[in-house]
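Trainee: I would like to learn how to read the contacts and sheets in a model of this kind. Please take me through them.

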Amino acid sequence: MKIVVTGGKGGTGKSTIAAALAYELSQRKKVLLVDADVDCPNDHLILSVKRRKIKDVFQFIPKFNHDKCTKCGKCAEVCKQHSIIFVKDKYPAFIPDTCTGCKACLVVCPSGAIKEGKKKIGSIYRGNNFGVELISGELKIGELASGEMVSETRRTAEQLESKIKADVTIIDSAAGIGCPVIASITGSDYAVAVTEPSPSALNDLKRVLLVIEHFRIPRGIVINKHDLSKAFCKKIEIFAKKNKIPILEKIPYSKKVIESTIKMSPINVHNKEYGRYFSKILKNIENNLI
Amino acid sequence: MRVVISSTGNSLESEVDVRFGRCPYFVFVELEDKEIKNHEIVENTSSKQAGGAGITAAEFVAKKGVQAVLTGNIGPRAFSVFSQFKIDVYPVTGKISDAIKAFVNSELKKVDAPTGPMRHKGPF
């Protein structure tokens, strides 16, 4: 069972809620938390996990064989990333930085002068704390293939899932609706959309819901920090009702959440009264899926 | 032999521009017997790009058939392109005409690594 925690707007509380849900659930089930925000992973901080690297992730880059190269320049012609530079009568020059591994050059080369090479685009880490198993993906700074890095993180998580016989996998996605978010949502069984009572958050929520609906994944909304604006919270509830999207829970704003984040533990570890919010969310997800 | 110099202005009396990829002009010079046979001054369209200026500028001058590049600093990507094309890069400062004189008199030393970091459209 895979639950993705997303929401569109940054800062609404995705990681906070994903970690808390993982902790809540870990009291009775085996839980794997996947930090799929490969640009800026934070879950290892929220859970105070000492991560250890389990693998480096690589991406295709072309390897040129000058013995076979006829200097036709077709590879440079098809390279949309401008990673291959061709000048008449010279062997092509290659700049790995901007290559995103599409392999168009390898396909188009008429002389078989291009073979598969690789460059590192990120790393995957593992660790555990508070009874939660964590897989954390991290993109190498300057690399472009975020989406691919998320996919690889998820593939690794899947392997670990079977190995540790996890009952539930919670995927903490990045903000936005780009490739890394799409790669986090695809193949999930349920999507928790975390929002907050503001026009930006509602706007972004609508956009991420369109992505979720594309994948026809059942979804529910969590209104975090709901008491910051009663009026706007009502607007979100009206929107949800109109679109038949369940509100899984409304969580009030509290400095305690920030304090526990700074102390590096999920809110419900030292504030047991918070448990009810997360068990309610989990119960509602269960009901939605029946 | 054909040589290119990154320039701050559009004359042989202009100063060499310290930036290769984002200099406003390129001065192409045809050298014969240590003399300037002719020259061509071209606007550098890469200077206005958001990113990848080093690469496109290097491609542009390489396509013009230069055998050497005289500039201030050369970043890692442009350097890599020239290195792969076996085009030598010589750091130099001062007036374009003086830089060429120094080059033909073998007073300049070519570099074997980028001399500056990758820069972007900022004020640097």
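Trainee: How many salt bridges are counted between chain A and chain B?

Mentor: Side chains of opposite charge can pair when their charged atoms come close. The rule here asks for a side-chain nitrogen of Lys or Arg within 4 Å of a carboxyl oxygen of Asp or Glu. Between chain A and chain B the count is one salt bridge. The side chains of A:Asp97 and B:Arg77 meet in a salt bridge, at 2.9 Å from N to O.

Trainee: What should I know about the model and its numbering before going on?

Mentor: The model is predicted, so local features need pLDDT of at least 70 and side-chain atom pairs count only at pLDDT 80 or more, while totals for chains, interfaces and linings use all residues. Residues are numbered from 1 along each chain as its sequence is written, chains are lettered from A and ligands numbered from 1 in the order in which they are written, and side-chain values use heavy atoms, with hydrogens and water left out.

Trainee: What else describes the interface of chain A and chain B?

Mentor: Take contact as heavy atoms within 4.5 Å. Then 12 residues of chain A are in contact with 11 residues of chain B. Buried area is the accessible area (1.4 Å probe) that two parts lose on being put together, summed over both. Chain A and chain B bury about 1,000 Å² between them, with 65% of it on carbon and sulfur atoms.

Trainee: How many salt bridges are there over all chains?

Mentor: By the rule above, the count is 24 over all chains. One of them joins A:Glu161 to A:Lys2, with the closest N and O atoms 3.4 Å apart. A:Glu161 lies in helix H5 (residues 146-164) of chain A and A:Lys2 in strand S1 of chain A, so the pair ties together parts that are 159 residues apart in sequence.

Trainee: How do I read the sheet of chain A?

Mentor: Helices (H or I, at least four residues) and strands (E, at least two) are DSSP runs, numbered from the N terminus. Two strands pair if DSSP finds at least two bridges between them. In chain A, nine strands make an open sheet with mixed pairing, in the order S3-S6-S7-S2-S8-S1-S9-S10-S11. Strand S3 (52-64) and strand S11 (247-251) of chain A each have a single partner strand, so one side of each is left without a neighbour in the sheet. Strand S10 (residues 219-224) of chain A pairs with S11(A) in the parallel sense over four bridges, and A:Val222 stands opposite A:Glu249 in S11(A).

Trainee: Which strands does helix H7 of chain A touch?

Mentor: For angles, axes are lines fitted to C-alpha atoms, for helices over the stretch in contact, and angles run from 0 to 180 degrees between N-to-C directions. Helix H7 (residues 199-214) of chain A packs on the sheet and touches S1, S9 and S10 of chain A. Its direction makes about 170° with that of S9(A).

Trainee: And the sheet of chain B?

Mentor: Five strands of chain B form an open sheet in the order S3-S2-S1-S4-S5, with mixed pairing. The edge strands of chain B, strand S3 (35-43) and strand S5 (88-91), each pair on one side only. Strand S1 (residues 2-7) and strand S2 (residues 25-32) of chain B pair in the antiparallel sense over six bridges. Helix H1 (residues 53-63) of chain B lies across S1, S2 and S3 of chain B, running at about 30° to S2(B).
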